[in-house]
Amino acid sequence: MMPAIFVGHGSPMNIIEENEYTSGWKQVAQSLERPSAILSVSAHWFSRRTCVYSGFSPRTIHDFFGFPKILYGITYPAPGAPWTAREVLRLLKPAATPDNSWGLDHGTWSVLHAMYPSADIPVFQVSIDAFAPPERHFALGRTLRPLRKENVLIMGSGNIVHNLALLDVEKSGGFGWAYDFDDYIDRAVRKKSPEDVIHYERAGRAANYAFNVPDHFYPLLYALGAAFEHEPVTDFNHSCMAGSLSMTSYVFGT
Ligand code: ZN
């Protein structure tokens, strides 16, 4: 059965850089069987309801600003997965609606560009309903779980700690509270205690700083929801950077 993964995507610069994070992504891709399709829940499709892209060719969205020009010329021309998307719409009924106005935003393609550079595996995104509470996102992940048996790679792409207002690009590691929150979530993930991830405010003071908007945090709940209790959890890219960003990522299953 295909594992479910959560990936900390960080800066769009990872698209053109070769660094510890991109090599972590490549290693994970090499450790997996080839997926039949990739279902990505990216922080950057944060919408008014749960939407599913069900078209044949998702466009590459360059949803970042002020980065080197070269990034805007790179595309990720993977095909869509309309059949799997239709199955998702059925599974998530009545919560989800088809919406082909989106495509692949950088939360998805910056990571897949390193993981699967030939862009030949069908990919589609499911959006995050900005108005739904954390437990709902976890439940939606749980509903998607059967797809793993069909070799679909369920990928959440965000960052456990993501506070751009407090970003310090000169800093190599994280602030104390960033490690505190990252560690709290790590313990909850390893203990197989999704309740403590859903109720992340239990982390205390660190939770107040971890993010202002939960868009980058919620993708973790989809991967966690898609995981089975007995499965092994493996972390990778376990680190904080630029003060207020965590790159910590997980593979659920083998
Ligand atoms: Zn992002």
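This passage describes the zinc site of a predicted model and the surroundings of one aspartate, Asp196.

In the predicted model, the zinc ion is held by three histidine donors from the protein, namely His9, His44 and His216, each through its NE2 atom, at distances of 2.0 to 2.1 Å. Along the chain, these donors follow the spacing H-x34-H-x171-H. Two of them, His9 and His44, stand 35 residues apart and link distant parts of the chain, with His9 placed in the loop between β1 (4-8) and α1 (20-31), and His44 in the loop between β2 (37-42) and β3 (46-47). The accessibility of these two donors was also computed: His9 counts as buried because its relative accessibility is 1%, under the limit of 20%, whereas His44, with a relative accessibility of 24%, counts as partly exposed.

Attention then turns to Asp196, a residue of helix α6, which spans residues 194-198. Since its relative accessibility is 15%, Asp196 counts as buried, this value too lying under the limit of 20%. The side chain of Asp196 takes part in a polar contact of 2.9 Å with the side chain of Ser193, and a polar contact of 2.6 Å joins the side chain of Asp196 to that of Arg202. When residues up to four places away in sequence are left aside, the residues touched by Asp196 are Tyr184, Ala188, Lys191 and Arg202; Arg202 therefore appears both in this list of contacts and as a polar partner of the Asp196 side chain, while Asp196 itself counts as buried.

Key:
Residues numbered from 1 in each chain as written. Predicted model: local features only at pLDDT ≥ 70, side-chain atom pairs only at ≥ 80, totals over all residues. Heavy atoms only, no water. Donors = N, O, S within 2.8 Å, 3.2 Å for Na, K, Ca; no water. Helix = DSSP H or I, 4+ residues; strand = E, 2+ residues; numbered from the N terminus. Buried < 20%, exposed > 50% of the residue type's maximum accessible area, 1.4 Å probe, protein only. Polar contact = N/O pair within 3.5 Å; in protein donor to acceptor, adjacent residues only side chain to side chain. Contact = heavy atoms within 4.5 Å.
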